[in-house]
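Biologist: Can you pull up the model? I have a few questions about it.

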Amino acid sequence: MTIDWAVVEMAIPLLAVGTVMTLKIASLAALLGLAGGIALGLVSLGGWPWARWLVRAYVDFVRGTPLLIQIFIVFFGLPLMGWRLGEFWAGVIALSLNCAAYVAEIVRGTVGAVEKGQTEAARSIGMTQGKILLYILLPQSIRPMVPALTNDVITLLKNTSLLSVISVYELTRSGQAIIASHFAPLEIFALLAIYYYAIISVLSWISRVIERRLPAW
Amino acid sequence: MQGLRKRYGEREILKGISFDVMPGQTMVLIGPSGSGKTTVLRCLNYLEAPDDGTIELMGEPIGGAHIGEPPRWTPLPEAQLALQRRKFGFVFQRFNLFPHLTAVQNVAIGPRKVLGLSREAAEARAAEQLARVSLAEHMHKRPSQLSGGQQQRVAIARALAMDPRLILFDEPTSALDPELVHEVLDVMGDLAREGMTMIVVTHEMGFARRVADKLIFMADGHIVEEGSPEAVFSAPREEKTRRFLAHVLHR
C-alpha cells in the first residue's frame, strides 16, 4: 500500500477550511448549549414543579433518541414552522438543543450536591430558592463542573461531523468531498482523525487551564 | 410558641413544646442530645415545618395563616416564608459560611440580595457588623483562612446584618476547639447585654448560668423544667434535671 502524498498535501489547506466551519458551529453550539443547559439545570432544582417536569421530559427525549434523528427533525421541522434558516443554523440549533440536555444533567447533579448547610444558611437570611441557586450554590459548583462540561463540549465537537448529512460543509463533509473527487479514503480519513484529535487536544488543555485558574476554597 | 409537635417518620421528636420569650430576653435551652432542642430552633424559623402547634413573632403567626371562613390553617408560599425568616437570625453549629465569599461578602450578601441595598451600603453595613464581633481586620479573608471561632463570629455578624428581631443559636460552640469557645461566648454575652433577643441551644452551662434570663431543660421532646438559671441550677425540682445537671456539671 502506498500513500498518495500529493492528495495529502492538497487536502491539508482544504480541510483547514472545513475546520474553520467546524469550530464556528461547535463554539456557537457550545455557547448556546452551556447557557441553555445551565438555565435548564437550575430550573430543574427550582421551585416550580411543572417546570421541573418539563425539563425532565426534555432531557429524557434528548437522551432517549439518536442525535442523527434530532438533527433531521430540526432540519426538516424548522421550515415547517416557518423558519428558513438554512443548514448552518439548523445544525447549530440541533447541537445546542442536544448539548443543553446533557449540561442540564451535570448542573443538576453538581449544584444539587452542594452541602445542605449552605442552602439552610441562605434560607436563614431570607433568600428564596432562585437567589440561593444563583448566588450561593451555582458559584460554588462551577469548578467541580468543569471536567464534566469539557467532556460534553468534546462530544459536541465530534458530533458536528454528523452535520455532514444535512450538507453543512464542515470538516468531515469537506473530507468526503475530496474523497469523492480523488478517491483516497484512507489518507483523508486519517487526516480527518488527526485534525479532530488536534482540536480536542487544544480543548482539553484549555479546560485544564480554566480549572487551574478557577479559585478553590 | 404553642404546643409544637414534630415527627420524623415514626419517631415523635417534639411532643408539645410551649414557651414565650420576651423582647430583650436571652433564653437558653439545655438537655441531653436527642431531646429535640435543635428541632425547636429549626421549627421556629421554619427550616423545618412543625406538624402541629403555632409560632408567633410579635403577634404575627409564622409559617402560615388562618385564612377563609371558617378560618383554616394555610401554609405560606415560599416567598412569604422567606420574608418571615429574615426576622430570625440563625447561627449554625457548623457555621455554614459561604466558602466562595470573603467575610465581608458573607455578611453583605443578605442585605444586598435580600434587602436590596446597594453594594456599597451593604458592605458598609457588613463592615460595621464585623467590627462589632471584633473581626474588622479579617474582613477580606475567606472562611477557609479563618479559625473556627472567627468563622462563627462572621456567622453571627451575618445574622446581625439582617437586623433580626431575635437570633437563634444552635450549639454555636460545639464544633469549636476548646480554646476558641470563649471568643464566641463573649460576643454572645455582649449581644445579650445590648438587649438582643436570643434563644440559645448550648452545652455551655457556665454561659447559661451567667447570661440566661430564662432556662429551659428539655428531655425526650418535652420541657421538663423551666425557670431562672439560678433556680434550675441550684434547686432543680425534677429528678431528670438533677441527673442531667449532675452529669454535665461534674465532668
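Modeller: Below are some questions and answers on the two chains.

Biologist: What do I need to know before reading it?

Modeller: This is a predicted model, in which local features need pLDDT of at least 70 and side-chain atom pairs count only at pLDDT 80 or more, while totals for chains, interfaces and linings use all residues. Residues are numbered from 1 along each chain as its sequence is written, chains are lettered from A and ligands numbered from 1 in the order in which they are written, and side-chain values use heavy atoms, with hydrogens and water left out.

Biologist: How many helices and strands are in chain B?

Modeller: Chain B has nine helices and 13 strands, counted as DSSP runs (helices H or I, at least four residues; strands E, at least two) and numbered from the N terminus. Its radius of gyration is 19 Å, close to the 18 Å of the globule rule for 251 residues, so chain B is as compact as a globular protein of that length. That radius is taken over C-alpha atoms, and the rule is 2.2 Å times the number of residues to the power 0.38.

Biologist: And how much of chain B is buried?

Modeller: Of its 251 residues, 53% count as buried. Buried means under 20% relative accessible area, exposed over 50%, and partly exposed in between (1.4 Å probe, protein chains only).

Biologist: Where does B:G189 sit?

Modeller: B:G189 is in helix α6 of chain B, residues 181-193, and is buried at 7% relative accessible area. Leaving aside neighbours within four places in sequence, B:G189 is in contact (heavy atoms within 4.5 Å) with B:F207 and B:V211. B:T26 is 163 residues away along the chain, yet its C-alpha atom is 9.5 Å from that of B:G189.

Biologist: What about long-range contacts in chain B generally?

Modeller: Taking contacts between residues at least 6 apart in sequence, 64% join residues at least 24 apart.

Biologist: Switching to chain A. What does UniProt put at residues 19-207?

Modeller: The unreviewed UniProt entry places "domain: ABC transmembrane type-1" there; such annotations may be inferred rather than shown by experiment, and the positions follow the numbering used here, with feature names shortened. In the model, residues 19-207 of chain A are 83% helix and 0% strand, with the end C-alpha atoms 20 Å apart.

Biologist: Is A:W83 buried or exposed?

Modeller: Neither; A:W83 counts as partly exposed, at 47% relative accessibility. A:W83 is in the loop between α3 (67-80) and α4 (86-112) of chain A. From A:T22, A:W83 is 61 residues away in sequence and 23 Å away in space, C-alpha to C-alpha.
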